[in-house]
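Trainee: Got a minute to look at this one with me? I'd like to get my bearings before going back to the bench.
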Amino acid sequence: MESSISQSPALKSLISYHKPHYHQIMKHKFLQRSSSRKTRTGTIQCIYRSDSRNFTGGIGLNRTDWQSSCAILASNVVSQQPETEKANNSEIAAVNGHKTLDLAPIVDQNLPKPLSLIPDLSPAPMHGNQLRVAYQGVPGAYSEAAAGKAYPKCEAIPCDQFEVAFQAVELWLADRAVLPVENSLGGSIHRNYDLLLRHRLHIVGEVQLPVHHCLLVLPGVRKEYLNRVISHPQALSQCELTLTKLGLNVAREAVDDTAGAAEFIASNNLRDTAAIASARAAELYGLQILADGIQDDLGNVTRFVMLAREPIIPRTDRPFKTSIVFAHDKGTSVLFKVLSAFAFRNISLTKIESRPHRNCPIRCVDDANVGTAKHFEYMFYIDFEASMAEPRAQNALAEVQEFTSFLRVLGSYPMDMTPWSPRNGDE
Ligand SMILES: O=C(O)C(=O)C[C@]1(C(=O)O)C=C[C@@H](O)C=C1
């Protein structure tokens, strides 16, 4: 198959993502599973092939491209996504809850298997009207809970990597993807920022999920037996202090997702290993909760974005947020000018993130005194609190466009206004 995925092996990127943080990379067994789902053939897949070629070739969208992306936002978009703030899907929302344990460490063979990199393009089965939502991880992952919060009653489709979730939507295997972008303790999930740029999906919503971690072991296992703790890198970093306080100065190992760590312990009968995962994962994989609420801060919350093939129509009757990404090629004052375009219009920024500019990593600047100076180049991601339907947002972006060499609107979407408290996730 010809796609950006085949050009950048996802396993490689997964390993380089984990490497700096943890002692050892576990090539988790579900990385090797082949997909049980197939993709649909047809025009759409061709469209996305040519898009992905553009994007792997370079992210330098020009002014015309940006104008057309704004035009899309402002006019003839196709779909309106369901509301983000519906009540939680009761079953999935139980991810942070505490249920009676079935202590038999047996992995249910009926749980959906995660999609892997998609091997062929034969037709997908029909799914009726149910929205199919791709997430990274296996059942019991927080991302599955976020999918359920964003789209109650959806069919949640597990994918073994973030990139596969993007691909699932692009290839019409799924209607939406729900992916984490930042956490209040662990910070930004950079991989997804990079993928947003390399794929052509649109942000159509956001959802914030309180994350309540548990330490899970096989039934009967005591703290003294443990010589390693495994989990998603974000979850390990969110619990670092607490693990130390519990006296667990044992090896930490990174795996693809929290629930996958629980499944791994159960299916390999590991009595020396604990997983950091949700209470729902304990229930699904027959593990016991050794310690509860082990995140370093009660207010541990992860923000997820919902992605779709088409943008939604921006509105002004409710609070909207807009996400953009830009690059510039001259002068260090550009960032200042961009920020002032928002400040002068009283538009609040909720997030600013910079990532290395892969296609243009270094800029040389002639300096008569000291020769040629080299600077790293960055892409900047900004979230601001305004809808693209508002003239002040359109004017701000028109001004930003003047200073930048590349600008893309990633999406203009309703803000998650769900009242939040640290205990929300326990209900
Ligand atoms: O591993 C999971 O359960 C996930 O859904 C991933 C993830 C993340 O990427 O941050 C989501 C929420 C938590 O912050 C920990 C892990």
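Mentor: Happy to; let's talk through the overall make-up, the ligand site and one strand, keeping in mind that this is a predicted model.

Trainee: Great. How many helices and strands are there in the protein?
Mentor: There are 14 helices and 18 strands. The protein has 427 residues, and 46% of them are buried.

Trainee: And what surrounds the ligand?
Mentor: A shell of 15 residues, with Ala141, Ser143, His232, Gln234 and Asp257 the closest. The elements giving two or more residues to that shell are α6, β4, α9 and α11.

Trainee: Which classes of residue make up the shell?
Mentor: Seven are nonpolar, seven are polar and one is charged.

Trainee: Which domains does the shell draw on?
Mentor: Domain 1 (130-210 + 300-310) and domain 2 (213-295) each supply at least three residues.

Trainee: Back to α6 for a second. Is that helix buried or exposed?
Mentor: Nine of its nine residues are buried, so α6 is largely enclosed by the rest of the structure. Among them are Ser143, Glu144 and Lys149.

Trainee: New topic: β7. Where do its side chains point?
Mentor: Cys214 and Leu216 point one way, Leu215 and Val217 point the other way, and all are buried.

Trainee: Which strands does β7 pair with?
Mentor: One is β11, running antiparallel and joined to β7 by four bridges; there, Leu216 sits opposite Ile289. Another is β10, also antiparallel, over three bridges, where Cys214 has Ala277 as its bridge partner.

Notes
Residues numbered from 1 in each chain as written. Predicted model: local features only at pLDDT ≥ 70, side-chain atom pairs only at ≥ 80, totals over all residues. Near = placed C-beta within 6 Å. Nonpolar A, V, L, I, M, F, W, Y, C, P; charged D, E, K, R; others polar. Domains from an automatic or database assignment. Buried ≥ 20, exposed ≤ 12 C-beta atoms within 10 Å, placed from the backbone. Pairing = 2+ DSSP bridges.
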